[in-house]
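Here's a walk through one protein model, strand by strand. Have the viewer open and follow along.

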Amino acid sequence: MRFSTGRGIRKRFLVPITALCAVVGLLLAGGPAQAATYNKYTRTQASNQDAGGIDTWAWLNKVGAGSEIDYQVHFQAYGEKLWVYVRVGMASKGKVTVVVYDTTGKHVDTDTFTVDIGENRELNLGTPDGSGNIAEGYTVYSRICVGNSTTCTPYAKGRA
Ligand SMILES: [Ca+2]
């Protein structure tokens, strides 16, 4: 999936990003092989299938490596579904965290999912686990990280 905003930004700032990469490359010389800099994005949108629901996207693009999405988690309020994605060729698996709060703000559940390299999978969320769907109106935060590192998107805030 691609978003016009991300592509536009990348084109507009192509030269500065390239220059920045050169600097970052120098700073990281000799560092761990998996060290890389990612642009981090989130997006939310009112569901057009589920009144009151809010869909979310959170994704990572490696700086200077083209406009393709590398890691993504997408929450769909209609049916409480989660799509997880890690692009083929990435060095690390993805780690998705989902945190759910009820309508009074009380924490209900936190789940993590490992996403294999090259995986593009739909998950049907149930909280508590195995119960079916998350109750309507609950708040659903989701984010994706590069493996177990601290390189993560911010949490995108959706509503079931
Ligand atoms: Ca829903």
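## Ground rules and the E3–E4 hairpin

Two strands pair if DSSP finds at least two bridges between them. With that in hand, start with strands E3 and E4: they pair in the antiparallel sense, over six bridges. Val73 has Val84 as its bridge partner in E4. Keep in mind throughout that this is a predicted model.

The hairpin of E3 and E4 has four residues between the strands, and in it Gly79 takes a positive phi near 85°. Glu80 also sits in the loop between E3 (71-76) and E4 (81-86). Its phi is near 50°, a positive value in a residue other than glycine. Is Glu80 buried or exposed? It counts as buried, because it has 24 C-beta neighbours inside 10 Å and the cut-off for that class is 20 or more.

## Layout and confidence

Stepping back, the protein has two helices and nine strands. Along the sequence they come in the order α-α-β-β-β-β-β-β-β-β-β. Of the 160 residues in the protein, 28% are buried. Take the contacts with a separation of 6 or more: 55% of them link residues 24 or more positions apart.

How far can you trust the coordinates? The average pLDDT is 82, and 74% of the residues score at least 70. Over residues 1-33, though, pLDDT stays under 50, and the model has 15 contacts beyond four places in sequence for that stretch. Where pLDDT is low, the predicted coordinates should not be read in detail.

## Who pairs with whom

E4 has another partner besides E3: strand E7 (residues 120-124) pairs with E4 in the antiparallel sense over five bridges. In that pairing, Tyr85 stands opposite Asn120 of E7.

Now move to strand E8. Strand E5 (residues 94-101) pairs with E8 in the antiparallel sense over eight bridges, with Val99 opposite Tyr141 in E8. E8 is also joined to strand E9 (residues 156-159) by four bridges, and those two run antiparallel as well. There, Gly158 in E9 is the bridge partner of Val140.

## Inside E8

E8 covers residues 139-146, and six of its eight residues are buried, so the strand is largely enclosed by the rest of the structure. In a regular strand the side chains alternate between the two faces of the sheet.

Val140 is a good residue to click on in E8. It counts as buried because it has 26 C-beta neighbours inside 10 Å. What does Val140 touch, not counting residues up to four places away in sequence? The list is Phe75, Val98, Val100, Ile134, Gly158, Arg159 and Ala160. Gly158 is thus both a contact of Val140 and its bridge partner in E9. Also worth a look is Ala77: it is 63 residues from Val140 along the chain, yet the two C-alpha atoms are separated by 9.0 Å.

## Thr56 and the E1 side

Thr56 is in strand E2 (residues 54-62). With 23 C-beta neighbours inside 10 Å, Thr56 counts as buried. Leaving aside neighbours within four places in sequence, its contacts are Thr42, Arg43, Thr44, Phe75, Ser142, Ala156, Lys157 and Gly158. Phe75 and Gly158 are on this list, and they are on the list for Val140 too. Arg143 is 87 residues away from Thr56 in sequence, with 9.7 Å between the C-alpha atoms.

Thr44, in strand E1, is one of those contacts of Thr56. Thr44 counts as partly exposed, with 14 C-beta neighbours inside 10 Å. Apart from residues up to four places away in sequence, it touches Ile54, Asp55, Thr56, Ala156, Lys157 and Gly158. Between the C-alpha atoms of Thr44 and Ala58 there are 8.9 Å in space and 14 residues along the chain.

Tyr41 is another residue of E1 (residues 38-46). Tyr41 has 19 C-beta neighbours inside 10 Å, so it counts as partly exposed. From Tyr41 to Trp59 is 18 residues in sequence and 5.3 Å in space, C-alpha to C-alpha.

Notes: Residues numbered from 1 in each chain as written. Predicted model: local features only at pLDDT ≥ 70, side-chain atom pairs only at ≥ 80, totals over all residues. Buried ≥ 20, exposed ≤ 12 C-beta atoms within 10 Å, placed from the backbone. Contact = placed C-beta atoms within 7 Å. pLDDT = per-residue confidence, 0-100.
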